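Here are my comments on the model you sent. They are set out as numbered points, starting with the overall arrangement and going on to single residues.

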Amino acid sequence: MNLSATRQQGLTLISLIFVLGLIGFFVLLTLKIVPIYLDHGKVKSALEALKATPELETKSEYEIRDSLNKRFNINYVYDVKQDDIKVVKHGNYLKVDIEYETVVKLVGNLSALAEFHDTIEAGEE
């Protein structure tokens, strides 16, 4: 009778727990970060819709900000504040610049920061 030692293969309990923890962390990271980029898509679409507005360069700064705020409220975008929106007008030239950042708490004292900067221009200088 030949009793040869069989080699065991597979994960130990500790390595299985480590792999599951790593997978769980990346799932959590994905679930927290994807909504940030979905909201940023809404900001970009609001800017593109504003750019498509007829005679945009003739509108006042108040009208432009009001239009953006209405679009943000409809799409539930709360990360962009009034201070993040810069409107520059020179004659027939208009530039709308939105620069904002979003911080999302992940676990404990660990957070993720995303910074965004979008610009549209209309008219001629």
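1. What pattern does the chain follow when read along the sequence? The pattern is α-α-β-β-β, made up of two helices and three strands. Please keep in mind throughout that this is a predicted model.

2. Overall dimensions. The chain has a radius of gyration of 25 Å, whereas a compact globule of 125 residues would have one near 14 Å. Taken along the principal axes, the box filled by the C-alpha atoms is roughly 95 × 30 × 25 Å.

3. Burial and contacts. Of the 125 residues, 27% count as buried. The exposed surface of the chain is about 9200 Å², and 57% of it comes from carbon and sulfur atoms. If contacts are restricted to residues at least 6 apart in sequence, 53% of them join residues at least 24 apart.

4. The sheet. Three strands make an open sheet in the order 1-2-3, with antiparallel pairing. Strand 1 (85-90) and strand 3 (110-123) are the edge strands, each of which pairs on one side only. From one strand to the next, the twist averages 10°.

5. Helices against the sheet. Helix 1 (residues 13-51) packs on the sheet and touches strand 2 and strand 3. The direction of helix 1 makes about 15° with that of strand 3. Helix 2 (residues 61-74) also packs on the sheet, where strand 1 and strand 2 are the strands touched. For helix 2 the angle is about 150°, taken with the direction of strand 1.

6. Strands 2 and 3. Strand 2 (residues 93-107) pairs with strand 3 in the antiparallel sense, over 14 bridges. Two positions can be checked directly: Val107 stands opposite Leu110 in strand 3, and Val96 has Ile120 in strand 3 as its bridge partner. The two strands form a hairpin with two residues between them. Gly108, in the turn, has a positive phi of about 60°.

7. Aromatic pairs. How many aromatic pairs does a search of the whole structure find? The search finds three. One of them joins Phe25 and Phe26, whose ring centres are 5.6 Å apart; their planes stand at 70°, so this pair is edge-to-face. Both residues are partly exposed, Phe25 with a relative accessible area of 32% and Phe26 with 46%.

8. The pair Tyr100 and Phe116. These two rings form a tilted pair, 5.3 Å centre to centre and with 35° between the planes. Tyr100 lies in strand 2 and Phe116 in strand 3, so the pair ties together parts that are 16 residues apart in sequence. Between the C-alpha atoms of Phe116 and Tyr100 the distance is 5.5 Å. Ring pairs also bring in Tyr37, which is linked with Tyr100 and Phe116 into a cluster.

9. Surroundings of Phe116. Is Phe116 buried or exposed? Phe116 counts as buried because its relative accessibility is 7%, which is under the 20% limit. Tyr100 is buried too. Leaving out residues up to four places away in sequence, Phe116 touches Ile36, Tyr37, His40, Ile98, Glu99 and Tyr100. Ile36, Tyr37 and His40 belong to the range of helix 1 (residues 13-51), and Ile98, Glu99 and Tyr100 to that of strand 2 (residues 93-107).

10. Positive phi in loops. Most residues other than glycine have a negative phi, and two residues here should be looked at with that in mind. Glu55, in the loop between helix 1 and helix 2, has a phi near 55°. Tyr76, in the loop between helix 2 and strand 1, has a positive phi of about 60° although it is not a glycine.

11. Exposure of these two loop residues. Glu55 has a relative accessible area of 58% and is exposed. Tyr76 counts as exposed because its relative accessibility is 56%, which is over the 50% limit.

Conventions:
Residues numbered from 1 in each chain as written. Predicted model: local features only at pLDDT ≥ 70, side-chain atom pairs only at ≥ 80, totals over all residues. Heavy atoms only, no water. Pairing = 2+ DSSP bridges. Helix = DSSP H or I, 4+ residues; strand = E, 2+ residues; numbered from the N terminus. Axes fitted to C-alpha atoms, helices over the stretch in contact; angles between N-to-C directions. Contact = heavy atoms within 4.5 Å. Rg over C-alpha atoms; globule rule 2.2 N^0.38 Å. Buried < 20%, exposed > 50% of the residue type's maximum accessible area, 1.4 Å probe, protein only. Areas by Shrake-Rupley, 256 points an atom, 1.4 Å probe, with all protein chains shown as cover. Phe/Tyr/Trp six-rings, centres within 6.5 Å; stacked < 30°, edge-to-face > 60°.
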